[in-house]
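Reader: I spend my days at the bench and would like to learn how to read a protein model. Could you take me through one, feature by feature?

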Amino acid sequence: MKIIVAGKGGAGKTTVSGTLARVLSRAGEEVIAVDADVNPMLGISLGVGMDETERLAGIRESLQQGHIEHAHDVEALVATFGTTAPDGVQLVVGSRMDGPDSGCACCGVNPDQLLNELDGEGRVVIGDLEAGIGIVTRMDTGNIDLVLVVTNATSKSIEVARRAADSAAGRGAEVLVIANRIGTDDDLEEIRAALGEHEIIVVPEDDAIRRADEEGLAPLDGPRDGPGMVALLGLGERLALRAAA
Ligand SMILES: Nc1ncnc2c1ncn2[C@@H]1O[C@H](COP(=O)(O)OP(=O)(O)OP(=O)(O)O)[C@@H](O)[C@H]1O
Ligand SMILES: [Mg+2]
């Protein structure tokens, strides 16, 4: 199963990607989490910490300086340059591998290609995209099983989500909207008004999630009884059943 997570900056893409990756891995799936953001933060939300996240992001620079060997296909790239995050998730940072050299999986592969080429058969590939709708409109949706579109209740976030959802659904992809950080009924109504044709999963505002991020920790390693985490755990279980089917 291949999942991509899209939305406006700050909507909650990384929180959702990191948490779902770990829940799916705990459920027994082999999970590869791809950080496709130019400002890679998925390691934080997965719980590998700031140092390891920085190290992974620096691999591109090391390659250019010839300090480490190059990989020759995307699977080797994940094996060589990935890291094992808590619960056994394989994390690979794709965002700084978009150099001009072609024919080399390390240097010639950009995050879109990495996500396109990684096989979702028999495992879960989950891609935390950069903010906006760029990658969504560029990606081949043919081999993507699910596009999670994350939005807050602000009008700009909703507008980006609407465009991302329309683009993906218009090309045949299955879209699930995540209405994140919902505090009031009005918040949800605004999202429903713009995105009501898609299924909407409500993830309430959750102080524990916000605090975990402030401390550089994975939300899943903090208290898990807050309303937002309960909703994410529920979604994770649902996706795990689907992945196992
Ligand atoms: N349900 C929630 N309740 C409270 N805070 C949340 C919730 N979801 C996300 N946040 C907080 O919102 C902020 C943005 O979340 P996150 O980094 O996941 O967004 P993003 O879409 O990945 O952002 P970017 O576009 O910068 O990559 C973080 O501080 C995070 O802790
Ligand atoms: Mg992010």
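Author: Gladly! Let's begin with one pair of strands: β2 (residues 31-36) and β5 (residues 124-129) run parallel and are joined by 6 bridges. Please keep in mind that this is a predicted model.

Reader: Thanks! What holds strands of a sheet together in general, and which residue of β5 stands opposite Asp 35?

Author: The general idea is that strands of a sheet pair through backbone hydrogen bonds, either parallel or antiparallel. In this case, Asp 35 has Asp 128 opposite it in β5. One place further along, Ala 36 has Leu 129 as its bridge partner in β5.

Reader: Which strand pairs with β2 in the parallel sense over 4 bridges?

Author: That is β4. Asp 35 appears again here, standing opposite Val 93 of β4, and Val 34 has Val 92 as its bridge partner in β4.

Reader: Is β2 enclosed by the rest of the structure or open?

Author: The reasoning goes through burial, where a residue counts as buried if 20 or more other C-beta atoms lie within 10 Å of its own. For β2, 6 of the 6 residues are buried, so the strand is largely enclosed by the rest of the structure. Val 31, Ala 33 and Asp 35 point one way, while Ile 32, Val 34 and Ala 36 point the other way.

Reader: How do I see the whole sheet, and in what order do its strands come?

Author: Start from one pair and step sideways from strand to strand. Here you get an open sheet of 8 strands with mixed pairing, in the order β3-β4-β2-β5-β1-β6-β7-β8. At the edges are β3 (83-84) and β8 (199-204), each of which pairs on one side only.

Reader: And how do β3 and β4 run, parallel or antiparallel?

Author: β3 and β4 run antiparallel and are joined by 2 bridges. As a landmark, Thr 83 stands opposite Leu 91 in β4. The two strands form a hairpin with 5 residues between them, and in that hairpin Asp 87 takes a positive phi near 65°.

Reader: Where is Asp 87 found, and is it buried or exposed?

Author: Asp 87 is found in the loop between β3 and β4 (90-93). Asp 87 falls in between, as partly exposed, because 17 other C-beta atoms lie within 10 Å. Its positive phi is worth a look, as Asp 87 is not a glycine.

Reader: Which residue other than glycine has a positive phi near 60°?

Author: Arg 181 does. This residue lies in strand β7, and Arg 181 is buried because 23 other C-beta atoms lie within 10 Å.

Reader: Now the interior, please. What should I look for, and which residues have the most contacts inside the largest nonpolar core?

Author: In soluble globular proteins, nonpolar side chains tend to be buried together. In this model the largest nonpolar core has 72 residues, and Ala 33, Val 147 and Val 149 have the most contacts inside it. Helix α8 (residues 155-170) gives the largest share of this core, 6 residues. Taking Val 147 as an example, and leaving out residues up to four places away in sequence, its contacts include Ile 4, Ala 6, Val 136 and Ala 168.

Reader: How can I tell that distant parts of the chain come together, say at Leu 146?

Author: Compare the distance along the chain with the distance in space. Leu 146 and Ile 3 are 143 residues apart along the chain, yet their C-alpha atoms are separated by 4.9 Å. Leu 146 is found in strand β6 (residues 146-151). For the protein, residues 24 or more positions apart account for 71% of the contacts with a separation of 6 or more.

Reader: Lastly, which residues are closest to ligand 1, and which elements supply its shell?

Author: Of the 20 residues that surround ligand 1, the closest are Lys 13, Thr 14, Thr 15, Asp 213 and Gly 228. At least two residues of the shell come from each of α1, β7 and α10 (207-214). By class, the shell has 5 nonpolar, 8 polar and 7 charged residues. You can also follow helix α1 (residues 13-26) back to the sheet, where this helix runs at about 170° to β5.

Note on methods: Residues are numbered from 1 along each chain as its sequence is written. Chains are lettered from A and ligands numbered from 1 in the order in which they are written. This is a predicted model: local features need pLDDT of at least 70, side-chain atom pairs count only at pLDDT 80 or more; totals for chains, interfaces and linings use all residues. Two strands pair if DSSP finds at least two bridges between them. Two residues are in contact if their C-beta atoms, placed from the backbone, lie within 7 Å. Axes are lines fitted to C-alpha atoms, for helices over the stretch in contact, and angles run from 0 to 180 degrees between N-to-C directions. A residue is near a molecule or strand if its C-beta atom, placed from the backbone, lies within 6 Å of it. Ala, Val, Leu, Ile, Met, Phe, Trp, Tyr, Cys and Pro count as nonpolar, Asp, Glu, Lys and Arg as charged, and the others, Gly among them, as polar. A nonpolar core is a set of buried Ala, Val, Leu, Ile, Met, Phe, Trp, Tyr and Cys residues joined through C-beta atoms within 7 Å. A residue is buried if 20 or more other C-beta atoms lie within 10 Å of its own, exposed if 12 or fewer, and partly exposed in between; C-beta atoms are placed from the backbone.
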